[in-house]
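Work through these exercises with the model open beside you. Try each task before reading its solution.

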Amino acid sequence: MTPRAVARRYAAALFDVVHKHGDIDRADQELGAIKLAIAGHDQLRKVLEAPGVPMPVKRRILDDVVTGAGDVSQEIRRLLGLLAERDRLAMVPDVADAFAERVMQAKKIVPAEVVTAVPLPDDSRAALAAALGRAAGAHVTITERVDPSIVGGVIARVGSVVFDGSVTTQIARLRQKLVADA
C-alpha cells in the first residue's frame with residue numbers, strides 16, 4: 001500500500017471518530033498547525049523521518065511540538081500516539097492533507113483551479129465560482145492562476161473535469177475544422 005493510501009486510512013479513521021465525538025473543524029485546524037510546525041522546521045522533519053532516531057526520542061520531540069501548539073484535542077493526541085507506536089510520525093503532513101480533503105468532501109466543497117489570461121475582477125470570480133458550483137453540484141473554492149499564453153477566456157479544472165474556454169483552444173479547434181474541410 002502506498003504511503004498516501006495509508007495516510008488516507010488514518011485520516012478516514014480520525015474523521016469517523018471526530019465526527020461522532022468531537023469538532024471536525026477543530027481537528028482540521030490542529031492537524032494543520034502541527035503540519036505547518038513540521039514543514040516550517042527542516043530539522044524536525046528530518047528527525048521524524050530518520051530511521052536511526054529512536055522512537056521514544058521522536059515521540060518526546062513531537063510531544064513538545066504538540067504542547068507548543070496549545071490545547072490539542074484527545075483525538076489528535078491519540079492519532080499521534082498511534083502513528084508514533086507504528087513509527088509513522090513522518091506521515092503526519094500526509095495525514096493532515098488527507099484529513100483536510102475528507103473534511104472538504106463532507107462539507108461538499110470542491111477545489112477548482114482556474115487559469116485566465118488576466119486576473120479576474122472579484123464579481124467575475126464570484127460568478128465563475130457560482131457557475132462551476134452549479135456544474136459540480138457543490139460549493140467551489142477557486143485557486144486562480146494567470147497565464148497570458150491562453151490569450152483570453154478561462155480554463156477551469158474541477159476535480160478531474162476540465163472546462164476549456166480559452167481563446168487558444170478555440171482557435172486550434174477552428175484551425176482543425178478548416179483543415180478538415182479543405
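pLDDT is the predictor's confidence in each residue, on a scale from 0 to 100. It applies here because this is a predicted model.

**Exercise 1. Confidence**

Task: State the mean pLDDT of the protein chain, then find which elements have the lowest and the highest mean pLDDT.

Solution:
- Step 1. Start with the chain. Its mean pLDDT is 91, and 100% of its residues reach 70 or more.
- Step 2. Go to the elements. Helix α4 (residues 55-68) has the lowest mean pLDDT, 85. Strand β3 (residues 154-158) has the highest, 95.

**Exercise 2. The sheet**

Task: Give the strand order of the open sheet and name its edge strands.

Solution:
- Step 1. The sheet has 4 strands, in the order β2-β1-β3-β4. The pairing is mixed.
- Step 2. Look for strands that pair on one side only. These are β2 (139-146) and β4 (161-164), the edge strands.
- Step 3. Check the twist. Ignoring direction, neighbouring strands are turned by 20 degrees against each other on average.

**Exercise 3. Strand pairs**

Task: For each pair of neighbouring strands, decide whether the pairing is parallel or antiparallel, and count the bridges.

Solution:
- Step 1. Recall the basis: strands of a sheet pair through backbone hydrogen bonds, either parallel or antiparallel.
- Step 2. Take β1 (residues 109-116) with β2. The two run parallel, joined by 8 bridges. Val-110 has Val-140 of β2 as its bridge partner.
- Step 3. Take β1 with β3. They are antiparallel, with 5 bridges. Here Ala-112 is partnered by Val-158 of β3.
- Step 4. Take β3 with β4. This pair is also antiparallel, and 4 bridges hold the register. Val-158 faces Val-161 of β4, and Arg-157 faces Val-162 of β4.
- Step 5. Inspect the link between β3 and β4. They form a hairpin with 2 residues between them. Gly-159 in the turn has a positive phi of about 65 degrees.

**Exercise 4. Helix α1 and its partners**

Task: Classify how α1 is oriented to α6 and to α5, and list the class make-up of each contact.

Solution:
- Step 1. Two packed helices are described by the angle between their axes and the distance between the axes.
- Step 2. For α1 (residues 3-21) and α6 (residues 92-106), the angle is about 55 degrees and the axes are 8 Å apart. That makes α1 oblique to α6. The crossing is right-handed.
- Step 3. Pick out contact residues. In α1 they include Arg-4, Ala-7, Tyr-10 and Phe-15. In α6 they include Asp-94, Phe-99, Arg-102 and Val-103. By class, the contact of α1 with α6 has 10 nonpolar, no polar and 6 charged residues.
- Step 4. For α1 and α5, the axes come within 10 Å and cross at roughly 155 degrees. An angle over 145 counts as roughly antiparallel, so α1 is roughly antiparallel to α5. This crossing is right-handed.
- Step 5. From α1, Tyr-10, Leu-14, Val-17, Val-18 and His-21 take part. From α5, the partners are Glu-75, Ile-76, Arg-78, Leu-79, Leu-82 and Leu-83. The contact of α1 with α5 divides into 8 nonpolar, 1 polar and 2 charged residues.

**Exercise 5. Helices α2 and α5**

Task: Describe the packing of α2 on α5, and say which residues make the contact.

Solution:
- Step 1. The axes of α2 (residues 24-39) and α5 (residues 74-85) come within 9 Å and cross at roughly 45 degrees. That makes α2 oblique to α5.
- Step 2. The crossing of α2 and α5 is right-handed.
- Step 3. Ala-27, Glu-30, Leu-31 and Ile-34 contribute from α2. Ile-76, Leu-79 and Leu-80 contribute from α5.
- Step 4. Sort the contact residues of α2 with α5 by class: 6 are nonpolar, none is polar and 1 is charged.

Notes: Residues numbered from 1 in each chain as written. Predicted model: local features only at pLDDT ≥ 70, side-chain atom pairs only at ≥ 80, totals over all residues. Heavy atoms only, no water. Axes fitted to C-alpha atoms, helices over the stretch in contact; angles between N-to-C directions. Parallel < 35°, antiparallel > 145°, perpendicular 65-115°, else oblique. Left-handed = near helix turned anticlockwise from the far one by under 90°. Contact = heavy atoms within 4.5 Å. Nonpolar A, V, L, I, M, F, W, Y, C, P; charged D, E, K, R; others polar. Pairing = 2+ DSSP bridges.
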